Amino acid sequence: TQTPLETQNIQRELHESLPDYMVPGIIVVLDGLPLTPNGKVDRKALPAPELANINTYEAPEGDTEVALAGIWQEVLGVEQVGRHDNFFALGGHSLAAVQLLNKTNQYFELDLSLKQVIVTPSLIELSELISQSLEDSLSEFDEMDDLLAELEM
């Protein structure tokens, strides 16, 4: 079996050649894959990954992170989401990302794209993207207000 350090090296090397969302959050090393009598991988016989101590939990901070963590909990069916947690490492997949996108856009009244959600897989990164998008929207409204004020003169 490999040590946690060796699996971290594997993940680091994968990060060098793959986008973040494609790097597995958990690597389980097996001596061999369990097979069915037909010679196919027996997915039901695969061991569950040990999720303890993957990341040290850090509670969400601020209104945006707290609200987003609640959306993640609902979409992923998990009890707790920390600010450094990765959506895909918590069990997220493409269909769950679409659900996350819809709920996030509806809650924050934004128009984020699926690509934006996928390339910002940590809670803190997505929260920063949302905050920036909200600020951009507000500045656009301020510019429109200024333009309307000029036209009224």
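In this predicted model, helix α3 has 15 residues and reaches 21 Å from its first C-alpha to its last, which is close to the 21 Å expected at 1.5 Å a residue. Seen down the axis of α3, the buried residues of this helix fall within an arc of 165 degrees, so they line one face of the helix. The structure also holds three aromatic pairs, and the points below take the helix and the aromatic residues in turn.

**The faces and the end of helix α3**

- The buried residues of α3 are Ala 96, Ala 97, Leu 100, Leu 101, Thr 104, Asn 105 and Phe 108.
- An α-helix has 3.6 residues a turn, so residues three or four places apart point the same way.
- On the other side of α3 lie Leu 95 and Gln 106, and both of these residues are exposed.
- Just after α3 comes Glu 109, a residue that takes a positive phi of about 55 degrees.

**The aromatic pair of Trp 72 and Phe 87**

- A pair of aromatic rings is described by the distance of the centres and the angle of the planes.
- Among the three aromatic pairs of the structure is the one formed by Trp 72 and Phe 87, which is edge-to-face, with 5.4 Å from centre to centre and 70 degrees between the planes.
- This pair links distant parts of the chain, since Trp 72 sits in helix α2 (residues 62–76) while Phe 87 sits in the loop between α2 and α3 (94–108), 15 residues apart.
- Trp 72 counts as buried because its relative accessibility is 0%, and Phe 87 is likewise buried, with a relative accessible area of 2%.
- Trp 72 and Phe 87 also belong, together with Phe 88, to one aromatic cluster.

**The aromatic pair of Tyr 107 and Phe 108**

- The rings of Tyr 107 and Phe 108 have their centres 4.8 Å apart and their planes at 75 degrees, and because an angle over 60 degrees counts as edge-to-face, this pair is edge-to-face.
- Tyr 107 counts as exposed, because its relative accessibility is 54%, whereas Phe 108 is buried, with a relative accessible area of 10%.

**A residue in the loop between α1 and α2**

- Ala 45 lies in the loop between α1 (4–17) and α2, and because its relative accessibility is 42%, Ala 45 counts as partly exposed.
- The C-alpha atoms of Ala 45 and Pro 34 are separated by 6.3 Å, although these two residues stand eleven residues apart along the chain.

Conventions. Residues numbered from 1 in each chain as written. Predicted model: local features only at pLDDT ≥ 70, side-chain atom pairs only at ≥ 80, totals over all residues. Heavy atoms only, no water. Phe/Tyr/Trp six-rings, centres within 6.5 Å; stacked < 30°, edge-to-face > 60°. Helix = DSSP H or I, 4+ residues; strand = E, 2+ residues; numbered from the N terminus. Buried < 20%, exposed > 50% of the residue type's maximum accessible area, 1.4 Å probe, protein only. Expected span 1.5 Å × (residues − 1). Arc of directions from axis to C-beta.
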